[in-house]
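The following exercises concern a pair of protein chains. Each consists of a task and a solution that proceeds step by step.

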Amino acid sequence: MKYKIYTSVRVLILSVLITGCSEDFLDKNPIAIQTAETFYTDFDAVDATCTAAYSELNAREVFDKDYILIAGSIPSDDVECGGETINDYPIAQHVDQFLHTLNDETPFNEIWDYCYKGLRHANTAINRLENITDIDEEADPAIVSQRIGEMKFLRGLYHFILVQVFGGVPIADKEITPSEFETERSDIKTVLSFIEGDLKEAIPLLPDRSQLSSSNIGRATKGAAQSLLVKVLVYESSYAENYSGDVRFGDCQNRWAEALQYGLDVYDPNNEGVSEYSLVGITGERYASWRTGTDAAATIDGFRWLFTADGDNSSGSIFEIQSISDGLGYGATHGNVMTVYQTVRQYRDAGGNIQNTYGGWSFNCPTDALVQAFMNSDPREAGLNSSPLASENLDPRFETTVGQNGDSILSGPTYEWVEMNCDNLPTGRIGRKFECGYDEFWSLANQPWEGPMNVRLIRLADVMLLTAEAAFKTGNNAIALALVNKVRERARMCGTTSEPAALSAVSYEDIIHERRLELALEPHRFFDLVRWGLADEMIGGEHILALGPNYTIEWVPGKHEFFPLPISEVEVSNGSLVQYDPWQ
Amino acid sequence: MKNILNSNLLRRNKSILYFFGILLSLAVVFPGNMFGNSLKQDKTITGTVTDGASNEPLPGVTVVVKGTTTGTITDINGKFSIQAMPEDILVFSFVGYLKEEIMVAEQTMIALVLAPDIIDLDELVVIGYGVQKKSDLTGAIASVSTEDLQKIPNTGVGSMLQGMAAGVQVTNNTGAPGSNVTIRVHGIPTITSIDGVAQGQPIWIIDGVPASPNSVSSSDIKSIEILKDASSAAIYGSNGGAGVILVTTKKGEEGKPKVNLNYYYASQVAPNRIDMATGPEFGRMFTEMEALRGETDFTFPGYADASSFDAIATHDYQDMVFREGMLHNIDFSVSSGNDRTNTYLGLGYVNQEGILEGTSHQRFNFRVNSEYQVNKWFMVGERISFNYTNTPGFEEWQYQNEYESPLMNAIVVHPYLEPYDNTGNYVPNGLGQAGSPLPSIELLHKEFNRREGNGLVFARITPVKGLALETRLSGSLSFNDNYDFLPTFSYGVAPGQFRNISEIYRRYETSNGYNWQNILTYNTTIIDAINIGAMVGFEIGEGKYRYMSGRRLDLATEEPEMWYFDASTDETSPSQINESRGGGNESAGWAVFTRLNLDYKSTYLLQLNFRRDASSKFGPDNRIGNFPGLSVGLKFSEYDFVKNLGILSFGKFRYGYGVAGVNTIDDYAFYATAAYLTHFGYGFDNAALSTGGSKNVLVDPMIHWEEIVTHNYGVDLAFFSNQLTLSVDRFHRTNLGLLIRETTPGYAGWTVRDIYQEADGMDPRPYVNRGNMVNTGWDFVLGYTTNIGNIQLNANLSYSYVETIAEDLGTDSILSEGGARGLAGDICRTETGYGVSDFYGFETDGLFTIEDSDSTLADGTPFITNQPSYISPSGDVVWAQRYAAPGDIRFVDTDGDGEITQDDRVRLGNPFPKHELGFTLNLTWKMIDFSMFWQGAFGYQIFNANKYYLYNNDGNFNWSQDFVNDHYRWQDVTAVDGDGNTVATFSANTSSENPRLDPFNRNNNYGRISDFYIENGSYLRLKNLQIGVSLPKQVTKIMHLEQFRIYIGAKNLLTITKYSGMDPEVPTYSVLSAGIDKASYPQARMYLAGVNIKF
């Protein structure tokens, strides 16, 4: 009996000893995934994180639909929201009507989140690039410093988008740990200065565009950093001019002269041969395209071609988000969704019947005001013609920008050229700059959100017109005139008339007008109106046709220049992030 | 045993031999002296024992001479014969009947009526790592009557517990067959979630070892106990925080082999529909909408004038997607045993069609339980089970997602839409966003197959009296094979209307694990008054999970034989590479634990528990958790003065305190990881993706156990010889250091808004220990059993009340989650000092009426002036709802600042029932048995997100009939065609309580989260009703059967509720965004008929 007791106890103790005391037993390492320590042991891993910093640019629908369409275009006076009905994408409708509230946060919190995600990767990469050559002897110091330049460019870009949308934001200049979660927004000047510092460090580290091997197209270049710096300086100068004393903007200064200098580094009208970039179509060159249908010999003009997937990474682009139709599906794809959002939905079949199901989603409908601006070859916007199609002297950019009944679109069940129907759209028009190409429609692409067309974030014409502004503001009217005329020349060469004619002298209004026509529906007009201090004048009182004839926009100065911080972000900050007063 | 037989045979006359075979099984009832008595002068006593309830003879009743091993049992006619002395006392006992003692005296004939024992307070209750007499329990433990359970037609053990135990809330995640359930013991166990699914589910301990509830079939269950408070659950330490469900499966009963066969057939239907507009009603409403929009030449497609609206077809898609679902259930078991060995064999098969087309569930299960008493001190046994389930249908989350739900489409699709065209193809909807639900259902080829095996071997050594060493080794293995075949089809080009390439997705998953326990127990009694029970044990276990999945395109043909990767003819698509996935996770833990029970004269009871747990889920410095438990009891009915009152047959006061833990978080949550992910790739030069990689989770390496501290006060009372019983429990439970996903600011670069739309599908937010939560409440259980003449009555009423407060959420003082289509922002808010998952939004105060207006806009629209306003800095009056017209919803300016802003939002309700009710009634009258079970939940709200569709203002979806026939219209509306002819007129209606139809949506009536969507969810449901008839014993005897019973029943026959949706039992498995109804799969109503045969 005693023996049995001892046996029992011994078995029990033994079992405890065998298993319990082994410390390793509880050490379960993650499966199929590395820990951060084992991951960052060579340059390739850090380089992959540099790639990740770019990757957030085509995360979900953020930098195509949210930024380009909803934040940058829909609130402007160039368009009404559109869509199928007034309930189609309510938040976009509210933004168009300037009835958006803190509740309407979704596209804006995505812009916020994904800018900071990109910044997280960039900061992670920068921290590790700085001493990677100590860890990995095979790391090429030249590429390492180029990557540091790229990361600083991206850090500048993400911050700049945040400033455009939200005004002053917290600066993310390091990997943020949980103890630093509660943070304050910096004023606009502080953020712009931070971007400026990054870009100035990046410029000497970055290669020229022509030095990039073809497999590296899409990486940040010296020209991209210079161009972004022009924007930063122009924005600061405009803010200083128009918002002096407004605490949101801090101590913004007149920086026009520096802006001009960096602008001329990108493109000097008096020395254009040395530029890395050129205006596509300025010599009247024409391009083959799906748009010509079955006529293989037919071609399209350069401006039209710029707004097709074929025009990706052209010599007229300075920085583009690289979009590919990768078949990964909604949320995962690296394609863009902006083409399907901005393509008309309805068309008329051979029998003239309206068909509703074979097109895009009909957002971004050009307003009368934009059409009238186009009608006017005289940039001072007088003598408006009420019947655009009747004009022989229409600006050639019009056709690429505005679609209306009678225009053809490649649609229908078999993707043939059919007549678009805009009757159901609030303004009776649809934007065409991002019209779906043959391979971007639903039944041909993997999915509608996988558009292959790159997002043209910085175009040469944009930088030239900013440089023109800076030249004008610093009294260099000749440079300004030359730049504006270059842009007009390219437009003219893309058309068949002598319009738009070269200007003999340039005014500030000319530059504003030219920016509007050249960059319509791209994410510039709203941000430009804000920095010019013209938003109240141009947007306030604008009719919202979708709401019926009596409803006009009420612009609240001090409030509507920027979108409110995402309310969820304010809530989680425990009071450290504060909305601008009218949004509180 | 041999000795017993020999000694008995020596002194028994031949009549005893008649019972020889049966006697083999009686060892257990002959305790004590194993060596025979000396011969005495005795006489033969004969008699009959009958059942007090049915007056039928009772076979198998044990008759023993008290204090001896002399005994017999009654034969098939209830007759017995025994030798006894006049001074002997005969003890009659039979399971389920009250024990009777009869003095022999001068009697030679005894006719005894045995009364059924309704409540057996001496029954043994399974507790953690052991058993205890029910009357000696000091913790809050609910025993579920398996007899009641098994009357409920159900295919899952979890859902059967609904309403069965006070304080145990069970909600079905969906009404789909084979669906999971969410169980909450004493309120919300924790707010920890993984991928949005609430964790902190009770652990299931089956035959002493942790196992999944899927591994046991309801018919194989002998008993279920639920440990509700931490004083009892602390012995399970780490995992016991959310409660412990102890399941004991049947073992072979002693005696000749017994066969039990139960079969039922059921038919299931959807209990109700949502009344939607008919085709003509829709056509008229749509025309009205166009007229309001200012359209002057609109005619409803194909219908020229008002008189022809009646010609618009009505297709009832709810009718098309719902069906009458069949169910076959068969259970078969064989049980046998003797004093040395016993075995139980159980087999079961269920085939259940869902009430929604395309959904079904099949299950096969098999179990063998055996035990071998090798010798006096050594016993071994095993439990082996296997089950296979096959569940075609949608995934659970799809039923809850308004974009995916097939039911949502069935409700809101336009009624005029033809389901099929002339060629049998689907018809795309040209007018609105809601498409036909038929393609998603009819083209669905998705299946979940699960095979699971569980094995347990155990051995017990009892070297001396009172001491036992038990070792239990269990292992489980499960294998899932899921696939989703997507055929090609085309009836349009919008997403969902075509697929021009076939696709097969398959996913294989394996899980395996083991658990080894060694338990030493010692029980003794000292100085005849103090009972001591001591237990010490050790446990260790590991679990592993692996998966592999892939997707290939363009199969050779679309036959099921081709639904494999090798059948793919596509060798180039990148997706096939990106969709090859695989990985896994592992966890391990060990624990030592001990328990001491002391009772003095069975009156004063004390129990002490302690468990030390170690878990791989936490970092090296935080793995250990210590979980003490203490409980005391006082059986005051043992006091003489209480006994003398004669009312109380049992009375006990209990108090328990305990600490349990929560570690139900993802594995590796403390490891900072980095990964190469497709999402991080980038297509430089528009070429294929370059590899991207980065850190992919943010972690707090110092996370540790969440602790749950419970105080439980209870009273158990029984009156009138245990006929009436009452138990009351008061609990107070505090979760300390809630393990929650910290809401990381977007600024840190980690935030996700919707993890399902994250490219890598991972939730990168760190788990942190933050904040406390308190659950308090009451449980009441009232039981009554009696015999009225021939009727046996048994009724049980349970009621529980629970309230949950997020006491302190630390720096995350507000957690907001849960959205719905068309609504801006999060619906649910969990905030320090308030409830969990409160609905949060705007309060409404009816509609603006024409009386609220004293001016008009330029177009003649009345302008509402009876509303809040403020004066802007420029001196203008700014109206709170400046676009409102009569018939629009008036939102309440709760802070009185003249504006409707975020600050006006208030709490609108809570999705978790505060009151839960269960009522069971069993009646037996002769051959007839009747049972009824009501279940109810009260004191909660539902966010009826369907109303966004049913009251829409753009005609994209069909309207509810209620809205079409009655909505506010401040003036007559006339619709005209292109020639100026009146197509239809709609007269003013200024008395309606439904908002106006405004195609411009100027007032944003529905886009705001408001109490427009809030409804009372309370319901009382007749969960089960069953009537059975057993053939009389005389008849079954001829048929050589022990029992033959046929029965009919109904489940969910009646639901009393004010809720307007299909089913008030709205899923709450996502704890921070619970109770949002998005056309959830409703519970079926079931009618069944079955037969139960025993022989």
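**Exercise 1. State how much area chain B and chain A bury between them, and how many residues of each chain are in contact.**

Step 1. The size of an interface is often given as the accessible area lost when the parts come together. In this predicted model, chain B and chain A bury about 9,300 Å² between them.

Step 2. Of this buried area, 59% is on carbon and sulfur atoms.

Step 3. The contact involves 107 residues of chain B and 108 residues of chain A.

**Exercise 2. Describe the polar and charged contacts across the interface of chain B and chain A, and the make-up of the side of chain B that touches chain A.**

Step 1. Seven salt bridges are found across the interface of chain B and chain A.

Step 2. Glu586(B) and Lys28(A) form a salt bridge, and their closest N and O atoms are 3.6 Å apart. This distance satisfies the cut-off, which is within 4 Å.

Step 3. Polar contact across the interface of chain B and chain A is found for 28 residue pairs, with both residues at pLDDT 80 or more.

Step 4. On the side of chain B that touches chain A, strand β30 (residues 581-600) of chain B supplies the largest share, nine residues.

Step 5. The residues on this side of chain B comprise 47 nonpolar, 44 polar and 16 charged.

**Exercise 3. In which sense do strand β1 of chain A and strand β34 of chain B pair?**

Step 1. Strand β1 covers residues 34-35 of chain A, and strand β34 covers residues 673-676 of chain B.

Step 2. The two strands pair in the antiparallel sense, over two bridges.

Step 3. Gln34(A) has Ala674(B) as its bridge partner in β34(B).

**Exercise 4. Locate the cis peptide bond from Glu499(A) to Pro500(A), and the positive phi values of Ile527(B) and His1040(B).**

Step 1. Most residues other than glycine have a negative phi, and most peptide bonds are trans.

Step 2. The bond from Glu499(A) to Pro500(A) is cis, with omega near -10°. Pro500(A) is in the loop between α17 (477-493) and α18 (508-519) of chain A.

Step 3. Ile527(B) is not a glycine, yet its phi is positive, at about 35°. Ile527(B) lies in the loop between β28 (503-526) and β29 (530-553) of chain B. Ile527(B) counts as exposed because its relative accessibility is 71%, and the cut-off is over 50%.

Step 4. His1040(B), also a residue other than glycine, has a positive phi near 60°. The loop that holds His1040(B) is between α15 (1033-1038) and β59 (1043-1057) of chain B. With a relative accessible area of 69%, His1040(B) is exposed.

Key
Residues numbered from 1 in each chain as written. Chains lettered and ligands numbered in written order. Predicted model: local features only at pLDDT ≥ 70, side-chain atom pairs only at ≥ 80, totals over all residues. Heavy atoms only, no water. Contact = heavy atoms within 4.5 Å. Buried area = accessible area lost by both parts, 1.4 Å probe. Salt bridge = Lys/Arg side-chain N within 4 Å of Asp/Glu carboxyl O. Polar contact = N/O pair within 3.5 Å; in protein donor to acceptor, adjacent residues only side chain to side chain. Helix = DSSP H or I, 4+ residues; strand = E, 2+ residues; numbered from the N terminus. Nonpolar A, V, L, I, M, F, W, Y, C, P; charged D, E, K, R; others polar. Pairing = 2+ DSSP bridges. Buried < 20%, exposed > 50% of the residue type's maximum accessible area, 1.4 Å probe, protein only.
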